[in-house]
Amino acid sequence: MLFAFKKGESAVDTAKNICSVYGQDTISVRVCQIWLKMFINGNESLEDKEGRGRKSPDINDSLSELVSSDPFMSSREMAETLHTSNTKILSHLRDLGKT
């Protein structure tokens with residue numbers, strides 16, 4: 001998309017070109033508009049930002065240790081111990097293949 005922006009292509013053309021190469025429904029025009037607007041505003045970074053929904057990699061290690069030391073500990077107790085939310089604990093437990 002950055003390449004298309006630098007060429008001066010519209011969001012519609014950019015989405016159409018990307019979908020023609022990578023398959024239908026790969027990207028929507030709306031998503032292209034959002035990215036192109038970001039580029040227009042001067043943000044041409046292609047790096048991921050840390051933000052909502054992103055999982056911290058080090059919590060998995062701590063969580064694995066907790067589960068090993070006390071397999072009967074509740075997810076709420078784990079969340080309290082690791083100073084995080086129960087939802088985050090449940091998500092990481094799923095990632096680790098635990099229920």
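In this predicted model, the chain holds 6 helices and 0 strands, and, read from the N terminus, its elements follow the order α-α-α-α-α-α. Of the 99 residues in the chain, 25% are buried, while the surface that the chain exposes comes to about 7,500 Å², with carbon and sulfur atoms supplying 51% of that area. If one takes the contacts between residues at least 6 apart in sequence, 42% of them join residues that are at least 24 apart.

**Helix α6 and the largest pocket**

Helix α6 covers residues 86–95, and the residues buried in this helix are Asn 86, Ile 89, Ser 91, His 92 and Leu 93. Just after α6 comes Gly 97, which takes a positive phi of about 80°.

The largest pocket of the model has a volume of about 150 Å³. Its lining is made up of Val 67, Pro 71, Met 73, Ser 75, Met 78, Leu 90, Leu 93, Arg 94, Lys 98 and Thr 99. Which helices each supply at least two residues of this lining? They are α5, which spans residues 75–82, and α6, and it is α6 that gives the largest share, with 3 residues. Leu 93 therefore appears in two roles, since it is one of the residues lining the pocket and is also buried, having under 20% relative accessible area. Sorted by chemical character, the lining of the largest pocket divides into 6 nonpolar, 2 polar and 2 charged residues.

**Salt bridges**

How many salt bridges are counted in the model? The count comes to 2, and the table lists both pairs with the distance between their N and O atoms.

| Pair | N to O distance |
|---|---|
| Glu 44 and Lys 6 | 3.0 Å |
| Lys 7 and Glu 9 | 3.2 Å |

The side chains of Glu 44 and Lys 6 meet in a salt bridge, and this pair links distant parts of the chain, as the two residues lie 38 residues apart. Glu 44 sits in the loop between α3 (29–40) and α4 (57–69), whereas Lys 6 belongs to helix α1, which is formed by residues 2–7. Are these two partners buried or exposed? Glu 44 is partly exposed, because its relative accessible area of 32% falls between the limits of 20% and 50%, while Lys 6 counts as exposed, because its relative accessibility of 56% is over 50%.

In the salt bridge between Lys 7 and Glu 9, the acidic partner, Glu 9, is partly exposed, with a relative accessible area of 21%.

Notes:
Residues numbered from 1 in each chain as written. Predicted model: local features only at pLDDT ≥ 70, side-chain atom pairs only at ≥ 80, totals over all residues. Heavy atoms only, no water. 1 Å grid on protein atoms, 1.4 Å probe; cavity = no way out; pocket = protein on both sides within 12 Å on 5 of 7 lines; lining within 4 Å. Points joined across faces, edges and corners; volume = space filled by probe spheres on them. Helix = DSSP H or I, 4+ residues; strand = E, 2+ residues; numbered from the N terminus. Nonpolar A, V, L, I, M, F, W, Y, C, P; charged D, E, K, R; others polar. Buried < 20%, exposed > 50% of the residue type's maximum accessible area, 1.4 Å probe, protein only. Contact = heavy atoms within 4.5 Å. Areas by Shrake-Rupley, 256 points an atom, 1.4 Å probe, with all protein chains shown as cover. Salt bridge = Lys/Arg side-chain N within 4 Å of Asp/Glu carboxyl O.
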